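Let's take a walk through this one, starting at the ligand and then moving on to a pocket.

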Amino acid sequence: MITHDRIPHYYDWLSRYVQLSNWLAYRDRFAGFTMHKSLKPPGEPRDDRGGLRAGLEYCNDRMLAVAAEHGLPAAPRVLDAGCGFGGTMFHWQQRVGGRYDGLTLSKVQVDVGERHAHAQGIADACRFHRRSYDVALDPDYDAIVAIESLIHAPDLGWTIANLAGALRPGGVLLVLDDMATGDLDAARPADAALVRANWGCPGGLPSDADFRAAIEGAGLRVVAEEDFSPLLRVRGERLLARQERVLARLKRAVPLAPVRTIASAFLGGVVLERLRGSGDVGYRLIVARRPGEVA
Ligand SMILES: C[S@@+](CC[C@H](N)C(=O)[O-])C[C@H]1O[C@@H](n2cnc3c(N)ncnc32)[C@H](O)[C@@H]1O
């Protein structure tokens, strides 16, 4: 079981693995500095390398466009709550300038992100902190982004209230994540248990309704939603079942922490892919605004 206290370790190992797999796929260890799913941008072929790389950037571009539609000021102050290697911060900073704080629990991610920021001469603009998004935050931000990070929150309502308190009046929160479309434990109990055990969300995968309730409970107003699920690959049931068996066997057979951690992450990913195929999970963007005028 990937419990909350194991998340830093989980992401340290995954971060090392991602660098290797990026090298194999793109001949670039850091390929966009992202750790989120690769999407098939509308109109792009998936099967060429250019299309694949575009898939790494699409969600950062799309989220920036949506934030701009909802009042993101010039040179914004942005918090990335679960920043990984900092891909979203680097992408936005290059396009609209501004100052960014990235929070992650992984030391490997902080080291990689800081090294790149220094090499690019943007270390003052893009800062990394090895710190939880659940600690007290300054109420400084025009936008907060959270890509595939809030499902790890032990108490989603508490986490979102903390983030909402860090937004300036008129500021926007953008959450992109796998979200159950209903009660996953009731609809798909075996898969729900696999996701709990392997995806670092021992409390269960929150639904889009859970996210909306937490956001509205924190005094924000949902202003936009998008379903990115159609942009994700879903492979056939038989192939996914075969991968699941191999990964489960690997976890049992190899008692080494790095192997078990990476096998867990893949296993969670395979199960989520199946749940997206059946419509029980969606990959959704929810955008919410704090009432008030941008200063
Ligand atoms: C799947 S990665 C996504 C990284 C990044 N958002 C991206 O799109 O490339 C999840 C990130 O959430 C971070 N995370 C998980 N729980 C966290 C917490 N309580 N506080 C801060 N970051 C957290 C992890 O350290 C990791 O950086």
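A polar contact here is a pair of N or O atoms within 3.5 Å. By that yardstick, a polar backbone atom of glycine 82 sits 2.7 Å from a nitrogen atom of the ligand. Histidine 36 joins in through its side chain, with an N or O atom 2.7 Å from a ligand oxygen, and the side chain of serine 132 places an N or O atom 3.3 Å from a ligand nitrogen. The protein covers 96% of the 600 Å² of accessible area that the ligand has on its own (Shrake-Rupley method, 1.4 Å probe).

Keep in mind that this is a predicted model, where local features need pLDDT of at least 70, side-chain atom pairs count only at pLDDT 80 or more, and totals for chains, interfaces and linings use all residues. Residues are numbered from 1 along each chain as its sequence is written, and side-chain values use heavy atoms, with hydrogens and water left out.

Who else is around the ligand? The shell holds 19 residues, with Met35, His36, Gly82, Thr104 and Gln109 the closest (a residue counts if one of its heavy atoms lies within 4 Å). Eight of the shell residues are nonpolar, nine polar and two charged, with Gly counted as polar.

Now for the second largest pocket, whose volume is about 270 Å³ (the space filled by probe spheres set on the grid points; on a 1 Å grid over the protein atoms alone, a pocket is an open set with room for a 1.4 Å probe and protein on both sides within 12 Å along at least five of seven lines, and lining residues have an atom within 4 Å of a point). It has 15 lining residues, and Gly87, Phe90, His91, Gln94 and His116 are the closest to its centre. α3 gives the most to this lining, with five residues (helices are DSSP runs of H or I, at least four residues).

Technical notes
A polar contact is a pair of N or O atoms within 3.5 Å; within protein, one must be able to donate a hydrogen and the other to accept it, and residues adjacent in sequence count only if both atoms are side-chain atoms. Helices (H or I, at least four residues) and strands (E, at least two) are DSSP runs, numbered from the N terminus.
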